[in-house]
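Open the structure in your viewer and keep the selection panel at hand. Each stop below says what to select and what is found there.

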Amino acid sequence: MSDETRAGPAAAAHSREDAASLTGSPRLAIAATAERPRRLRARARRRLTHLLISKSLVETLFVAALAVLYVQHNFKPTFRGSLDAADARVAYGWAVDEAAPDARVEVHLYVDGHFAGRARADQTRADVRAAGRARDDRHGFTFTMPPLPPGAHEARVYALHASAADRFALQQVDKALRFDVPATPESQAVRPDWWEAASQP
Amino acid sequence: MSAPDVRADANAGDAQASARVGAAERALVWCEIASVVTSALVAEWAVLALGDWHKLALAVPVGLAFALMLASHRARGETRAALGLTGRNFWRALRLLALPMLAGALLLALAGRVWFGAPFVVGQPRAGWEFFGLPVWGFVWGLVQQYALQGFINRRLQLLWGAGWRTTLTVAALFALLHLPNPWLTAATLMGGLMWAAVYQRAPNLWALALSHAVMTWVLVSTIPASALAGLRVGYKYFG
């Protein structure tokens, strides 16, 4: 079957017009007979338009789904917990991953935006289980505060999770807590840039 | 083909295109081109940004783009021969490609030497590619790219403007756009796009273009250091 036959009579007629309209070399005329697409019929145009609209809709929904999946995977919405208290000596609370309720969540403490310690939320907190927030007792954590200078400070606790094969993310647990460190001989001896001197726990 | 012949072809094409394609169809053609380019951008900038476990999701934009292109060919009665997927025009296309390819290879070798002080080392897998794997993969990947770029976008632009410099330049610019933000690859694909688009308008054969694509990719990774090519990564992946 020739290309002309397969393309249909309209295309063949069109090709003949093309060939006739080109008065250049025979080579150009040959190219024009076969290479140019034919004009769309009304029905074909409608179908192509519908396909374009459908494709755009599917692609839009696809990108939206990707965005939701990305957020869900990287900013895990299943962490629950509380930073119950924070003062000059300790910060404590509980954390549980509802997607993996038997796992112990690793938590990091940040004071004034600086890393101040890491711990595993595996201490006994019977009240958390009693409140129906966990399946077992062991989801509590306690941090010992590093030496801090006197004044107002802010503590935040983050749950650590692997968001990809090569990436970890920190998800804040509950809200930040503000606390004051009283002026004592010990606290006054601490440098304002205390985090520079603090060793990794 | 002589230069006056080419100009005659372009002028005749322009006149036919404007006379033949009405406003509604022009809009449809633009939408088709934009839709295929958007699918490629979604694949490069959205899907690949989300990490390795999302790679299967590439099938969605790629599949949609191919579904649209195939449906469009069918609606317009375009045959394999018309697209350049048969043996017709193969040798003619190769003859037309030979000189610009040689010039491009010399330019790349010179750029590698002057810019990076790197000599041309035949077969050195500078971008992490194997010596034999690159030509084979380059041919397959080149065929896919040339089909979309020339078999679809070039042909659709010819419906609007006919054959000529405007169509050639737009095809090359779109090809370069899809290789951002990799600077060396963007520059190389702009030059390659000009060459392939111009040759396709004179001798439409995608096999010859795919062969040329594979060879030029191989020359590129043999002349420009891997650190500059960033492993041929494009889109979001370029940043790591």
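**Stop 1: two helices in chain B**

Select helix 7 and helix 8 of chain B; the two pass each other in a right-handed crossing. Bear in mind that this is a predicted model. Helix 7 of chain B covers residues 165-177 and helix 8 of chain B covers residues 183-202. Their axes come within 8 Å and cross at roughly 145°.

Now show the side chains at the contact. From helix 7 of chain B, pick Thr167(B), Thr168(B), Val171(B), Ala172(B), Phe175(B) and Ala176(B). From helix 8 of chain B, the residues in the contact include Thr186(B), Thr189(B), Leu190(B), Gly193(B) and Leu194(B). Further members from helix 8 of chain B include Ala197(B), Ala198(B) and Gln201(B). How many residues of this contact between helix 7 and helix 8 of chain B are nonpolar, polar or charged? The contact has 8 nonpolar and 6 polar residues, and no charged ones.

**Stop 2: chain A as a whole**

Select chain A and colour it by secondary structure: there are 7 helices and 8 strands. Chain A has 201 residues, of which 26% count as buried. Take the contacts in chain A between residues at least 6 apart in sequence: 57% of these join residues at least 24 apart.

Next, colour chain A by pLDDT. The average is 81, and 79% of the residues score at least 70. Over residues 1-34 of chain A the pLDDT is below 50. Beyond near neighbours in sequence, that stretch has 43 contacts in the model. Where pLDDT is low, the predicted coordinates should not be read in detail.

**Stop 3: the sheet 1-2-6-5**

Select strands 1, 2, 6 and 5 of chain A, which form an open sheet in that order with antiparallel pairing. Which strands of this sheet stand at the edges? They are strand 1 (79-86) and strand 5 (123-124) of chain A; each has a single partner strand, so one side of each is left without a neighbour in the sheet.

Walk across the sheet from strand 1 of chain A. It is joined to strand 2 (residues 90-97) of chain A by 7 bridges, and the two run antiparallel. Select Phe79(A), and opposite, in strand 2 of chain A, is Asp97(A).

Step on from strand 2 of chain A to strand 6 (residues 138-144) of chain A; 5 bridges join this antiparallel pair. Here Tyr92(A) has Thr142(A) in strand 6 of chain A as its bridge partner.

The last step goes from strand 6 to strand 5 of chain A, an antiparallel pairing over 2 bridges. Gln123(A) stands opposite Gly140(A), which lies in strand 6 of chain A.

**Stop 4: the sheet 4-3-7-8**

Now select strands 4, 3, 7 and 8 of chain A: they too make an open sheet of 4 strands, antiparallel in pairing. Strand 4 and strand 8 (167-181) of chain A are at the edges; with a single partner strand each, they have one side left without a neighbour in the sheet. Ignoring direction, neighbouring strands of this sheet are turned by 25° against each other on average.

Zoom in on strand 3 (residues 106-111) and strand 4 (residues 114-120) of chain A, an antiparallel pair joined by 6 bridges. The two form a hairpin with 2 residues between them. In the turn, click Asp112(A), which has a positive phi of about 55°. Along the pair, Leu109(A) stands opposite Gly117(A) of strand 4 of chain A.

Move to strand 7 (residues 151-164) of chain A, which pairs with strand 8 of chain A in the antiparallel sense over 12 bridges. Ala164(A) has Arg167(A) in strand 8 of chain A as its bridge partner.

**Stop 5: two single residues**

Select Leu66(A), in helix 4 (residues 42-74) of chain A. Leu66(A) is partly exposed, because 18 other C-beta atoms lie within 10 Å, while a residue needs 20 or more to count as buried. Leaving aside residues up to four places away in sequence, Leu66(A) touches Ala46(B), Val47(B), Leu50(B) and Ala57(B).

Finish at Ala197(A), in helix 7 (residues 194-197) of chain A. Is Ala197(A) buried or exposed? With 10 C-beta neighbours inside 10 Å, Ala197(A) counts as exposed. Use the distance tool on C-alpha atoms: Ala197(A) and Ala183(A), 14 residues apart along the chain, are separated by 19 Å. Between Leu66(A) and Ala197(A), 131 residues apart along the chain, the C-alpha separation is 43 Å.

How values were computed
Residues are numbered from 1 along each chain as its sequence is written. Chains are lettered from A and ligands numbered from 1 in the order in which they are written. This is a predicted model: local features need pLDDT of at least 70, side-chain atom pairs count only at pLDDT 80 or more; totals for chains, interfaces and linings use all residues. Axes are lines fitted to C-alpha atoms, for helices over the stretch in contact, and angles run from 0 to 180 degrees between N-to-C directions. A crossing is left-handed if the near helix is turned anticlockwise from the far one by less than a right angle, and right-handed if clockwise. Two residues are in contact if their C-beta atoms, placed from the backbone, lie within 7 Å. Ala, Val, Leu, Ile, Met, Phe, Trp, Tyr, Cys and Pro count as nonpolar, Asp, Glu, Lys and Arg as charged, and the others, Gly among them, as polar. A residue is buried if 20 or more other C-beta atoms lie within 10 Å of its own, exposed if 12 or fewer, and partly exposed in between; C-beta atoms are placed from the backbone. pLDDT is the predictor's confidence in each residue, from 0 to 100. Two strands pair if DSSP finds at least two bridges between them.
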